[in-house]
Amino acid sequence: MKRFVKALIVIMVAAITLSLVSLPVLAAEEDIADTVTEAPETAAEEESGETDAVSAKAIAAAVIIAVASGAGAVAMAMAVYKSVDGTSRQPEAAGSIRTTMMMGLVFIETAIIYALIVAILIIFVL
């Protein structure tokens with residue numbers, strides 16, 4: 001089980017790193033497009049470059065959401081499992097265990113919502 005938790009932490013760190021790395025890359029892509037001196041010969045060529053940037057943004061946002069929601073779902077499942085296990089071992093502590101579990105679930109969901117906000121920023125701001 002400890003290996004699983006370590007793997008989950010590695011996945012979360014990878015998701016955060018991916019989101020932090022993808023932002024400057026996408027921003028640099030727009031700067032490079034602005035510095036090109038040659039104008040596209042046709043409107044189709046111009047739309048193709050714009051479509052590539054939009055698809056890169058969509059892929060980055062999808063990866064961020066997929067990793068964050070997957071890791072969050074696994075973390076929530078582990079929290080619920082451990083709380084049910086603790087309640088079955090000590091039924092008299094059920095109220096305290098439930099309260100602690102709910103606080104943990106709120107913090108996990110907050111991390112997922114932050115990932116959603118980052119994905120929305122990638123799509124609409126960059």
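# Close-up views of a three-helix model

**View 1. Serine 83 is found in helix α2.** Helices here are DSSP runs of H or I with at least four residues, strands are runs of E with at least two, and both are numbered from the N terminus. You're looking at a predicted model, where local features need pLDDT of at least 70, side-chain atom pairs count only at pLDDT 80 or more, and totals for chains, interfaces and linings use all residues. Residues are numbered from 1 along each chain as its sequence is written, and side-chain values use heavy atoms, with hydrogens and water left out. Serine 83 counts as buried because its relative accessibility is 10%; buried means under 20% relative accessible area, exposed means over 50%, and partly exposed is in between (1.4 Å probe, protein chains only). A polar atom of the serine 83 side chain sits 2.9 Å from the backbone oxygen of valine 80. Leaving aside residues up to four places away in sequence, serine 83 touches Ile97 and Met101, where contact means heavy atoms within 4.5 Å.

**View 2. Arginine 89 and aspartate 85 meet in a salt bridge.** Their side chains come to 3.4 Å, N to O. The rule asks for a side-chain nitrogen of Lys or Arg within 4 Å of a carboxyl oxygen of Asp or Glu, and by it the count comes to one salt bridge. Both residues belong to helix α2 (residues 43-89), four residues apart, or about one turn of the helix. That spacing fits a handy rule: an α-helix has 3.6 residues a turn, so residues three or four places apart point the same way. Arginine 89 is exposed because its relative accessibility is 64%, while aspartate 85, at 24%, counts as partly exposed.

**View 3. Helix α2 meets up with residues much further along the chain at isoleucine 64 and valine 63.** Isoleucine 64 lies in α2 and is buried, with 4% relative accessibility. Its C-alpha atom is 7.9 Å from that of leucine 116, though the two are 52 residues apart along the chain. Next up is valine 63, also a residue of helix α2, which is partly exposed at 30%. From valine 63 to alanine 119 it's 56 residues in sequence, but 8.9 Å in space, C-alpha to C-alpha.

**View 4. Helix α3 has the end-to-end length you'd expect.** Helix α3 covers residues 94-124. Its 31 residues should span 45 Å at 1.5 Å a residue, and its end C-alpha atoms are 45 Å apart, so the two agree; the expected span is 1.5 Å times one less than the number of residues. Buried residues in α3 include Ala94, Met101, Leu105 and Ile108, along with Ala119 and Ile122.

**View 5. A nonpolar patch sits on the surface.** Ile113, Tyr114, Leu116, Ile117, Ile120, Leu121, Ile123, Phe124 and Val125 make it up, with about 900 Å² of accessible area together. Patches take residues with over 30% relative accessible area and no salt bridge, joining like charges within 9 Å and nonpolar side chains (Val, Leu, Ile, Met, Phe, Trp, Tyr) within 5 Å. Areas come from the Shrake-Rupley method with a 1.4 Å probe; for residues, only the protein chains shown count as cover. Isoleucine 113, one of the patch members, lies in helix α3 and is partly exposed at 41%.

**View 6. Zoom out and the protein reads α-α-α along its sequence.** There are three helices and zero strands. Of the 126 residues, 19% count as buried. The protein exposes about 8900 Å², and carbon and sulfur atoms supply 70% of it.

Notes:
Polar contact = N/O pair within 3.5 Å; in protein donor to acceptor, adjacent residues only side chain to side chain.
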